[in-house]
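Please look at the sequence and the model shown here before reading on. The paragraphs below go through them step by step.

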Amino acid sequence: MSHVIDELELYAVDALPGAERDRVTAHLAECGSCRDELTAIARVVDALPDTVPDREPPSRLRTRILATARSDVPGAPPSPAGTRLRWRPSWIAIGGLAAAGLALTAVDFGTLDRLETATGELNVLERTIADVSSAERSWYMGGKGDYAGSGGTLFVTGKTGRAFVLFHDLKPIQPTARYTVWLVTTDGQRWIRAATFAPDSRQYQRVDIEAQVVAYRRCAVTVETAATERPTGLVVMESNIGPPPASPAP
Amino acid sequence: MSEPAQPPDEQVIAALAARDLSALAALYDRYGRIGYALAYRILGESEGAEDVVHDAFLSAWRGAPGYRRERGNVRGWLLSIVHHRAVDILRRKTAFRPAPLEAAEDRPDDADTAGEAVRNLERAGVREALTALPAAQRKTIELAYFGGYTQVELSEIMGVPLGTVKGRMRIGLQKMRRALEADAGSAAGRGEP
């Protein structure tokens, strides 16, 4: 039996093409030593998500998952089927309105879903207002050419250095295209893709930036039809973003 | 007032297999956030990430009776479903494959509870283990795991033979493994869980 040790790392990160993956899977079904080795590798691979910046899912997602699962349960009532597991206080806090609605069953699930969605949007709005209030620096980027009338303000909050752009009146773009936010180094040589997103047709749209903005000197927004290492699409808005203010002399 | 003790993951999975919806809610409350962060990192957009997490938890809901502890813990099992689905979608719309992690600079999260602070420390250890790798090894791991590139694509975009891709991946993950084991050993030495 020929072992597959050389393939196990790529297998664990899902980087083997289909046929080769199937071959390794078949071997693993019969080989305990390769399985043991894969288990050890998988422990490291399973830790890789811990390197990802934290991100809050929309509150409607929980409701959506539970609603779909509920439809899977034959004859399930519209309220949660059981309380065999203890509910954490924080769940109650998060559930809030939802828990009350489910207990009463007077509110149908669609209504509850809409209420949770609205609550989630309100939470985002409240968070954005709080972040804007605590922002130490901001730069406005006005839309250019066909994108005039749209714009976005890049905010950097003082406490955490967290950055985001609050766009307004974003123009619709082709379904296959995306707005891309770039940060540009002082020498203009490096363009770092900081965010890629589709407009959601609301008047205001918040886009979080996964980079330390203060390390860059310009922010630009392009419309791209493919993900590239450098911008290829039209620059539709941009602004210089200055260095942090100098500390006063002692 | 202290929080009541949480049921262990295996107990949650057993309840899930018994079609207990509150178990699914419990599982989501534990791993929904990191699952969403992972899917978002891979896909680069929230709508797709939301769909991936939805499908992954439904897959866990339907597949819970088939879960086997000896094949890995619940967290790894669930996140591997998220990862597999996100990469699958990414490969089908290759035009928007995310860039390497250059833009996603790691940033410590706000620690507003003691539990969160401990988790952040653990996460910081993993981040340190990854960032301590030589750039070529780190990039190979990131492009494969977060970028969804296959071994042949990695060989092409990095301009190195396939054997080098395999070697960088193997050595990089081995170094991370040793670093994480050392971290776990020193934590145990300090009497931490």
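What follows covers confidence in chain A, then the make-up of chain B, then the aromatic rings.

This is a predicted model, and the confidence values are a sensible place to begin. Chain A has a mean pLDDT of 76, with 72% of its residues at 70 or more. The elements of chain A differ in this respect: helix α1 (residues 8-12) of chain A has the highest mean pLDDT, 94, while helix α5 (residues 89-95) of chain A has the lowest, 33. Across residues 76-109 of chain A the pLDDT is below 50. In the model, this stretch nevertheless has 56 contacts beyond near neighbours in sequence. Where pLDDT is low, predicted coordinates should not be read in detail.

Chain B comes next. Its secondary structure consists of eight helices and zero strands, so the order of elements from the N terminus reads α-α-α-α-α-α-α-α. Of the 193 residues in chain B, 51% are buried. Taking the contacts in chain B between residues at least 6 apart in sequence, 61% join residues that are at least 24 apart. The accessible surface of chain B is about 8,800 Å², and carbon and sulfur atoms account for 53% of that surface.

The aromatic rings can be followed in more detail. Over all chains, the structure holds nine aromatic pairs. One of them joins Tyr67(B) and Trp77(B), whose ring centres are 5.1 Å apart and whose planes meet at 55°, a tilted pair. Tyr67(B) belongs to the loop between α3 (46-63) and α4 (74-92) of chain B, whereas Trp77(B) belongs to helix α4 of chain B, so the pair ties together parts ten residues apart in sequence. Tyr67(B) has a relative accessible area of 10% and is therefore buried, the cut-off being under 20%.

A pair with another geometry is formed by Tyr145(B) and Phe146(B). Their ring centres lie 5.0 Å apart and their planes stand at 85°, which means that the pair is edge-to-face. Both Tyr145(B) and Phe146(B) are buried.

In chain A, aromatic residues also come together as a group: Tyr147(A), Phe167(A), Tyr179(A) and Phe197(A) form one aromatic cluster.

Rings also take part in arrangements with charged side chains. In chain A, the charged end of Arg21(A) is placed over the ring of Tyr11(A), at 4.3 Å from the ring centre. Another case involves both chains: Arg55(A) lies over the face of Tyr40(B), 3.5 Å from the centre of the ring.

Methods: Residues numbered from 1 in each chain as written. Chains lettered and ligands numbered in written order. Predicted model: local features only at pLDDT ≥ 70, side-chain atom pairs only at ≥ 80, totals over all residues. Heavy atoms only, no water. pLDDT = per-residue confidence, 0-100. Helix = DSSP H or I, 4+ residues; strand = E, 2+ residues; numbered from the N terminus. Contact = heavy atoms within 4.5 Å. Buried < 20%, exposed > 50% of the residue type's maximum accessible area, 1.4 Å probe, protein only. Areas by Shrake-Rupley, 256 points an atom, 1.4 Å probe, with all protein chains shown as cover. Phe/Tyr/Trp six-rings, centres within 6.5 Å; stacked < 30°, edge-to-face > 60°. Lys NZ or Arg CZ within 6 Å of the ring centre and 35° of its normal.
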